[in-house]
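Student: Hey, I've got a structure to go through and I'm not sure where to start. Can you walk me through it?

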Amino acid sequence: MSGKFGCAAIVCFLTLVSSSCGTDGEILSDGSVLKPLFADCDSGTECSSGYCLRIADGRAICTDACETPTDCPSSENWSCVTSEMGPRVCGCLPSASQEVCGDGLDNDCDGETDDCDSCGDLECQPHLSCIDNRCACATGVDCDGECVALDSDPQNCGTCGNECEGDLRCLGGECGCRDGLTSCFGACVDRSSNPVHCGECGIACPEGQSCVDGACSCGGDLIACGSQCLDPSGDNQNCGGCGILCSIGTTCVDGSCRCEDGSTLCTGACVDTSSSTRHCGACGNQCAAGGSCVDGSCSCAPDEIECSGRCVPNDERNCGTCGTRCPAGASCSGGMCRCPLGSSLCSGVCRDLGDDPRNCGGCGRACALGASCNGGSCDCPTGQQVCAGRCVDLDSDVSNCGACGTTCTRGAVCQADGCACPPGQVECASGCVDSSRFNCGACGNRCATGATCNFGVCECPPGLTACDGRCIDLLTTEAHCGACGASCSGGATCIEGACYCPGGQEICGDFCVDTTNSRSNCGSCGNECAINGVCTAGVCGCYGSNTQCGDTCFDLQRSREHCGACGNECPTFGRCISGSCSCGEGGAECDGTCSDIAWGEDHCGDCETVCSTVCLEGACERYVDIAAGESFGCARTETGRIACWGRDRPTGVVGAMVPVPPSVQVRAGQTHACSRGVSGVVHCWGTREAQLGYGPEGYGPEPIVVPLIGTSVDIGVGPSFSCSVTTTGSVRCWGVNEISMTTTSVVHTIPGAVSVARVFVGHTHACGIQADGGVLCWGENRYGQLGRGTSGADSWEAEDVIGLPPISTMSLGAEHTCAVTEDGDTYCWGRNNEGQLGIGTFRSAATPTLLPVISGANDVAAGTNHTCVTLSDQTLRCFGSDARGQINDPARTRNEWPTTDPGAVGVVQLEAGHEGTLYLSEFGTIETYGSSLFRNGLPGVQGVIR
């Protein structure tokens with residue numbers, strides 16, 4: 001059997017089931033056994049592959065999915081056919097039901113050719129042998145009457161009749177060249193040394209040149225200029241390099257053009273640098289305009305100076321130095337500005353110090369406001385003097401009354417004998433005020449509201465009394481009934497200076513109370529009814545069907561302390577439902593307390609079972625594998641069960657336990673997750689666009705089998721696309737193509753991805769580790785995340801990453817890549833805006849760069865803009881963005897050097913999400929850094945949140 005004839009997961013024409021491959025079938029939880037391939041069936045639910053194909057009236061067999069005939073049994077009777085519902089499956093063409101020996105066909109459609117019960121008298125064809133009572137090839141496959149090896153026969157490579165052309169050989173069932181050679185137009189050549197195909201197919205070296213390391217070369221000291229090999233040391237047409245021409249009067253010496261007369265070559269011309277004003281003393285040293293060059297030095301005339309590349313006069317516009325202009329009226333003498341006789345230079349202006357009030361008697365000596373300058377002295381007007389920098393009259397200025405700084409109170413005026421208030425006002429602390437009810441008889445003596453001030457005495461209107469600053473009537477005011485401060489009880493009315501309650505009420509304490517319905521005074525003052533009780537017609541009782549137990553009324557249908565009857569208390573954390581105690585779904589009473597036997601570690605499944613790790617749906621489990629999404633996490637247990645937690649968004653990705661068959665791997669993306677089963681079947685759940693590889697857009701909480709990828713040996717999941725490694729080492733991917741912005745559920749085989757053992761997926765690029773430790777990458781390369789030495793050239797064809805030793809594991813972030821070698825070194829490359837490469841800078845790198853401060857690494861995890869590495873001593877180093885605490889370094893928001901977390905010990909596996917980090921400890925628990933979304937509702941998950 002050839003090709004990838006393995007598991008499948010699409011509805012054929014009957015039903016879709018979760019299944020796994022195996023010739024003995026799969027045992028389900030109810031004990032039933034699914035039928036193996038080629039067994040007779042009635043529906044897809046009977047088959048381990050999920051496909052039941054009708055081949056004749058009244059007969060159907062279990063088959064599997066395919067893409068080409070090579071994916072089906074290597075028999076002339078088999079082909080890849082289209083089923084009734086659309087998917088292509090392996091089908092047996094004739095409607096036969098009994099084997100015919102010796103005809104080279106699989107007549108009974110059981111996947112084997114000529115498998116008769118006995119050779120009997122049958123004479124096998126010359127190239128066939130009787131093996132296990134049937135005619136068959138002893139080795140290889142029957143192709144047109146000859147037994148051949150499809151993995152090495154160049155005439156029948158992979159399939160019968162597939163002939164390898166030219167120099168191609170059959171290697172592992174595929175036509176190709178041996179290692180180190182490339183097929184060019186049907187011939188296998190070494191492009192690093194072949195002069196006809198140098199570097200690329202069809203690139204031929206000119207005559208006389210050889211191919212060295214994939215480039216055409218002349219050898220020795222010669223260089224290739226077009227199709228010629230030339231000596232650049234003495235060629236005037238190619239001096240020092242192709243096309244470099246020496247000008248007239250120069251010759252090429254030792255690869256440089258030199259002047260024949262001994263002068264200096266400047267900008268292609270030979271010049272005398274001792275007198276040239278454009279090249280004075282050296283090439284390009286140009287003298288100032290109007291200057292001269294003497295003996296290789298530039299100079300201006302004696303009465304000039306150089307300013308902005310020109311020789312200019314040393315005058316009032318440039319006095320002593322360039323740009324120094326003399327003040328108006330000043331002249332330049334001896335390189336200094338000088339004022340006329342009798343003036344002085346003050347702040348760049350010539351001033352007369354005898355009459356200038358701003359410079360009176362000296363520069364900067366300003367007279368007081370209102371004063372004048374006379375002969376260099378400041379004088380105030382007659383009768384005024386200077387106070388606080390201005391001339392004032394002390395007999396009228398309220399701010400300087402009688403003396404400088406003496407200020408009159410607000411409202412007062414300044415007179416010859418001092419400050420005084422106007423007539424009818426008195427002086428108080430706030431100023432001059434009227435003698436009124438606010439200052440009656442004295443400052444601050446305020447009359448009560450409603451009173452008036454009569455000759456300095458406060459008086460209320462007739463019949464009113466001043467109480468608490470107001471004029472009130474003591475005969476009708478409840479707060480002052482009969483006297484100031486005599487307040488009536490709550491609800492009472494003041495009548496003729498006495499307090500009275502409304503009809504039918506009586507005073508209990510400080511309030512008027514209706515004892516017929518007051519719970520605190522039922523029937524009489526102080527007679528209090530039960531808590532939650534009611535007073536009716538002066539008699540205490542309980543509402544509705546409630547019952548009084550002790551001093552409180554309870555609903556015996558819902559009360560946990562009195563459930564169904566007084567004193568019947570439910571277990572701790574229990575509930576009373578319809579008069580009966582309940583511990584709820586998944587709970588049970590253990591030692592008088594309701595315990596969660598579905599998720600509780602102390603009572604897992606029953607009251608007696610105590611888990612040493614975590615309890616998941618009533619079973620003790622231990623986490624052995626983890627995956628981190630954008631805002632959620634998933635974990636696989638040692639029994640192969642999958643549990644997820646965090647924020648749903650909603651995508652259907654989060655659920656306590658995910659209903660998938662026993663798994664050996666789990667990986668998470670932005671809004672979806674995938675698992676790989678024991679048999680290699682891949683299930684995905686979450687955002688149902690193209691990420692699940694099947695089905696309409698929307699959300700898919702139920703896991704779906706990804707079709708058309710064959711048996712998977714490893715999976716990688718990114719934010720919007722996923723990849724799987726097949727048993728042959730090829731890689732198939734499906735999901736959103738971020739570069740072309742297209743969404744498709746079609747599975748694509750990645751060109752160039754061969755001999756891949758593990759696959760890793762980032763936001764828009766992916767990488768694979770080959771069996772020999774080599775690394776291939778493809779996808780977006782904006783920041784050099786493909787490790788090809790350049791950035792910006794995107795590619796969906798897998799190519800080698802340069803400069804890496806054998807790699808054991810790796811991880812991909814949003815736009816950067818990190819890998820750990822088999823010797824424990826760590827390399828990172830790609831975007832580095834947050835320090836996520838850990839190389840001590842914030843510069844991006846297009847080639848793998850060794851982390852200088854990390855050795856002995858075991859695992860690496862790359863998030864969107866951060867990275868963490870676990871070491872052989874099971875400790876942790878992190879670097880990059882810490883905006884959400886994802887590297888647990890509270891001292892800063894980003895770190896370009898790896899930091900050590902002393903709290904992280906016993907780390908055995910590491911995963912990074914968008915804004916968080918997960919690690920699995922040796923104790924089987926999960927620790928988290930960053931967003932609290934990683935800590936939502938799963939036992940054994942704990943960590944640091946900032």
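**A chat about the model**

Tutor: Sure, let's begin with one residue: Phe38 sits in the segment before β1. Keep in mind that this is a predicted model.

Student: Okay, is Phe38 buried or exposed?

Tutor: Phe38 has a relative accessible area of 15%, so it counts as buried, since the cut-off for buried is under 20%.

Student: And what's phi of Phe38 like?

Tutor: Phi of Phe38 is near 75°, which is a positive value in a residue other than glycine.

Student: How many aromatic pairs does the structure hold?

Tutor: There are two aromatic pairs. In one of them, Phe38 and Trp78 meet edge-to-face, with 5.6 Å centre to centre and 70° between the planes. That pair links distant parts of the chain, 40 residues apart: Phe38 is in the segment before β1 (51-56), and Trp78 is in strand β3 (residues 78-82). Phe38 and Trp78 are both buried.

Student: Why is the pair of Tyr919 and Tyr929 edge-to-face?

Tutor: The planes of the Tyr919 and Tyr929 rings are at 65°, so the pair is edge-to-face, and the ring centres are 6.2 Å apart. Because Tyr919 belongs to strand β79 (residues 916-921) and Tyr929 to strand β80 (residues 926-930), the pair ties together parts 10 residues apart in sequence.

Student: Are Tyr919 and Tyr929 buried or exposed?

Tutor: Tyr919 is buried, and Tyr929 is buried too.

Student: While we're on rings, what sits over the ring of Phe842?

Tutor: That would be the charged end of Arg894, 3.9 Å from the centre of the Phe842 ring.

Student: Switching topic: how many residues of strand β68 are buried?

Tutor: Five of the five residues in β68 (residues 775-779) are buried, so to speak "mostly covered". Both of its faces are covered: Val775, Cys777 and Gly779 are buried on one side, and Leu776 and Trp778 on the other.

Student: Which way do β67 and β68 run, parallel or antiparallel?

Tutor: Antiparallel, with five bridges joining β67 (residues 765-770) to β68. For example, Ile769 has Val775 in β68 as its bridge partner. The two strands make a hairpin with four residues between them, and Gly773 in the turn has a positive phi of about 90°.

Student: And what about β68 and β69?

Tutor: Those two pair in the antiparallel sense as well, over three bridges. Gly779 stands opposite Ser795 in β69.

Student: Why would you call β74 largely enclosed?

Tutor: Five of the six residues in strand β74 (residues 857-862) are buried, so the rest of the structure largely encloses it. β74 pairs with strand β75 (residues 866-871) in the antiparallel sense over five bridges. Asp859 has Thr870 in β75 as its bridge partner. β74 and β75 form a hairpin, with three residues between them.

Student: Got it. Now for pockets: what volume does the largest pocket have?

Tutor: The largest pocket has a volume of about 1300 Å³.

Student: How many residues line the largest pocket, and which lie nearest its centre?

Tutor: The lining has 39 residues, and Leu171, Gly172, Glu174, Thr728 and Val754 lie nearest the centre. The elements that give two or more residues to this lining are β10 (174-176) and β69 (795-800).

Student: What's the mix in the lining by class?

Tutor: It has 11 nonpolar, 18 polar and 10 charged residues.

Student: Let's do a few loops. Where is Ala388?

Tutor: Ala388 lies in the loop between β31 (385-387) and β32 (390-392). Its relative accessibility is 85%, so Ala388 counts as exposed. Phi of Ala388 is near 55°, a positive value in a residue other than glycine.

Student: And where's Asp315?

Tutor: Asp315 is in the loop between β24 (310-313) and β25 (331-333). Asp315 is buried, with a relative accessible area of 18%. Its C-alpha atom and that of Arg325 are separated by 8.4 Å, and the two residues are 10 apart along the chain.

Student: Last one: how exposed is Cys484?

Tutor: Cys484 is at 43% relative accessibility, so it counts as partly exposed. Cys484 lies in the loop between β40 (470-472) and β41 (493-495). The C-alpha atoms of Cys484 and Cys467 are separated by 5.6 Å, with the residues 17 apart along the chain.

Definitions and conventions: Residues are numbered from 1 along each chain as its sequence is written. This is a predicted model: local features need pLDDT of at least 70, side-chain atom pairs count only at pLDDT 80 or more; totals for chains, interfaces and linings use all residues. Side-chain values use heavy atoms; hydrogens and water are left out. On a 1 Å grid over the protein atoms alone, a cavity is a set of points where a 1.4 Å probe fits but cannot get out, and a pocket is an open set with protein on both sides within 12 Å along at least five of seven lines; lining residues have an atom within 4 Å of a point. Grid points are joined across faces, edges and corners, and a volume is the space filled by probe spheres set on the points. Ala, Val, Leu, Ile, Met, Phe, Trp, Tyr, Cys and Pro count as nonpolar, Asp, Glu, Lys and Arg as charged, and the others, Gly among them, as polar. Rings of Phe, Tyr and Trp (its six-membered ring) pair if their centres lie within 6.5 Å; planes under 30 degrees apart count as stacked, over 60 as edge-to-face and the rest as tilted. Buried means under 20% relative accessible area, exposed over 50%, partly exposed in between (1.4 Å probe, protein chains only). A charge sits over a ring if NZ of Lys or CZ of Arg is within 6 Å of the ring centre and within 35 degrees of the ring normal. Two strands pair if DSSP finds at least two bridges between them.
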